[in-house]
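Open your viewer, switch to a cartoon view, and keep the selection box handy. We will go from stop to stop, picking a few residues at a time.

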Amino acid sequence: MAILVCGGAGYIGSHMVKLLLEKGKEVIVIDNLQSGHRIAVDLGAKFFLGDLRDEKFMDIIFSENKIDGIIDFAADSLVGESMINPIKYYENNMMGTTSLLKFMVKYKVKNIVFSSTAATYGEPKNIPILETELTIPTNPYGETKLGVEKLLKWCELAYGIKYTALRYFNVAGAYPTGEIGEDHNPETHLIPIVLQVALGKRENVGIYGTDYNTPDGTCVRDYVHVMDLVDAHMKALERLENGGNSEIYNLGNGEGFSVKDVIESSREVTGHPIPAILSERRAGDPSILVASSEKAKKELGWEPQYTTVKSIIETAWKWHKSNPEGYKK
Ligand code: UFG
């Protein structure tokens, strides 16, 4: 009985695969390598190169393997890009998971942990954000993830599929030994960009907007370590396996850090001055996203280990310092 990890060669997916293998699970990975790295799963998982929307490919995988549960990370996940190319997001994110669900129904696989996002909330009225907050996304990325959450609800009703949707806040950090980590091309996320400045790969970091209604005028985010995040997936899957009901959980640390805070902490961690320049706002960015993760703590028994943004940056720095060009090509 195996766990199928869709998007298992990506940043979060590869950390999930490593943890599952460490727990002695049999792991199957599907990834189209659009943004993932094959090397990140040379860890002992069975790897299939292909796309969730390719029905022939999916039928082979489901017919030849006994799949017990699914963790679905396969998606495009850039807020800014989704504003410029919404069709890409609807095509990949909505149609990919729709196809996956079709095969779950056909092959009677009952449990799925789905990678959702804080971007489902849009501009929340209440901080910290509870799972009951209104969901009015301000970008197509959040809209497609919310669309899949709704589809999951209907699939439970129609086919008895049990799901856990995990709404991530800002995921960062790397495997503590520095073996695997974040490698996007192009990189758009704040922490890796800031660390690229510290490595001398960029001259400076642009701060996207300094006129937000926040204490220092820059956007505030809740940073959560990738190892804490995958631990929550493990717990969510176990809960479903033990007969748990379908639920949605926020995953964050419950503390907000501004863009300026992140740059300052990165200066402390790296000892580099990290020059910053003030830039225009990036379209689609909400001003403040900070989670209440009390529900996940109570119901999943989840307790994040990396609770400060500095401790998260430290592990990211370890990875980037030893792999300045990312994974070997
Ligand atoms: N930022 C900068 N300069 C940069 C890059 C980012 O100022 O060079 C700012 C952004 O405007 C934002 C903050 O830093 O205010 C964080 O930006 P990221 O791109 O690192 O992350 P996002 O908040 O845009 O998005 C991330 C994930 C999404 C998820 C979201 C939920 O990429 O998938 O967190 O909060 F939906």
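**Stop 1: the ligand**

Select the ligand together with Ser-77: a polar backbone atom of Ser-77 is 3.1 Å from an oxygen atom of the ligand. Keep in mind as you look around that this is a predicted model. Now add Asn-170, where a polar side-chain atom sits 2.6 Å from a ligand oxygen. Then add Gly-206; here a backbone N or O atom is 2.7 Å from a nitrogen atom of the ligand. How much of the ligand does the protein bury? On its own the ligand exposes 690 Å², and the protein buries 93% of that.

Next, show everything that surrounds the ligand. You should have 20 residues, and the closest include Thr-117, Arg-282 and Asp-285. Colour them by type and you will find 11 nonpolar, 6 polar and 3 charged residues in this shell. Which element gives the most to the shell? Strand β8 does, with 3 residues. Helix α6 (190–198) also supplies at least two.

**Stop 2: strand β8**

Stay with β8, residues 205–208, and show its side chains. In a regular strand the side chains alternate between the two faces of the sheet. In β8, Val-205 and Ile-207 make up the covered face, while Gly-206 and Tyr-208 are on the uncovered one.

Now select β13 (residues 276–279) as well. β8 and β13 pair in the parallel sense over 4 bridges. You met Gly-206 at the ligand, where its backbone comes within 2.7 Å of a nitrogen atom; in β13 its bridge partner is Ile-277.

**Stop 3: a three-stranded sheet**

For another piece of sheet, select β12, β9 and β14. These 3 strands form an open sheet in the order β12-β9-β14, with mixed pairing. Because β12 (257–258) and β14 (288–289) are at the edges with a single partner strand each, one side of each has no neighbour in the sheet. Zoom in on β9 (residues 220–221) and β12: they run antiparallel and are joined by 2 bridges. Val-220 has Ser-258 of β12 as its bridge partner.

**Stop 4: Trp-319**

Move to helix α10 (residues 309–322) and pick out Trp-319. Is Trp-319 buried or exposed? Its relative accessible area is 1%, so Trp-319 is buried. Show what surrounds it: apart from neighbours within four places in sequence, its contacts include Ala-174, Gly-178, Ile-180, Asp-183 and Tyr-327. Glu-182 is also in contact with Trp-319, and the Trp-319 side chain reaches the backbone oxygen of Glu-182 at 2.9 Å. Try the distance tool on Thr-177 too: Trp-319 and Thr-177 are 142 residues apart in sequence, yet their C-alpha atoms are 7.8 Å apart in space.

**Stop 5: Ser-266 and Ile-274**

Go to helix α8 and select Ser-266. With a relative accessibility of 0%, Ser-266 counts as buried. Leaving aside neighbours within four places in sequence, Ser-266 is in contact with Val-194, Leu-195, Gly-271, Ile-274 and Ile-313.

From that list, click on Ile-274, which is in the loop between α8 (259–270) and β13. What is the phi of Ile-274? The angle is near 40 degrees, a positive value in a residue other than glycine. Ile-274 is buried, with a relative accessible area of 0%.

**Stop 6: Lys-108**

For another positive phi, select Lys-108, which is not a glycine either and has a phi of about 55 degrees. Look for Lys-108 in the loop between α4 (86–106) and β5. With a relative accessible area of 67%, Lys-108 is exposed.

**Stop 7: two cis peptide bonds**

Finish with the prolines. Select Ile-127 and Pro-128: the peptide bond from one to the other is cis, with omega near -5 degrees. Pro-128 is in the loop between β5 (111–117) and α5 (140–159). Then select Asn-185 and Pro-186, which are joined by a cis peptide bond with an omega of about 0 degrees. Pro-186 belongs to the loop between β7 (170–172) and α6. Follow that loop to α6 and you are back at a helix that supplies at least two residues of the shell around the ligand.

Terms used
Residues are numbered from 1 along each chain as its sequence is written. This is a predicted model: local features need pLDDT of at least 70, side-chain atom pairs count only at pLDDT 80 or more; totals for chains, interfaces and linings use all residues. Side-chain values use heavy atoms; hydrogens and water are left out. A residue is near a molecule or strand if one of its heavy atoms lies within 4 Å of it. A polar contact is a pair of N or O atoms within 3.5 Å; within protein, one must be able to donate a hydrogen and the other to accept it, and residues adjacent in sequence count only if both atoms are side-chain atoms. Accessible areas come from the Shrake-Rupley method with a 1.4 Å probe; for residues, only the protein chains shown count as cover. Ala, Val, Leu, Ile, Met, Phe, Trp, Tyr, Cys and Pro count as nonpolar, Asp, Glu, Lys and Arg as charged, and the others, Gly among them, as polar. Buried means under 20% relative accessible area, exposed over 50%, partly exposed in between (1.4 Å probe, protein chains only). Contact means heavy atoms within 4.5 Å. Two strands pair if DSSP finds at least two bridges between them.
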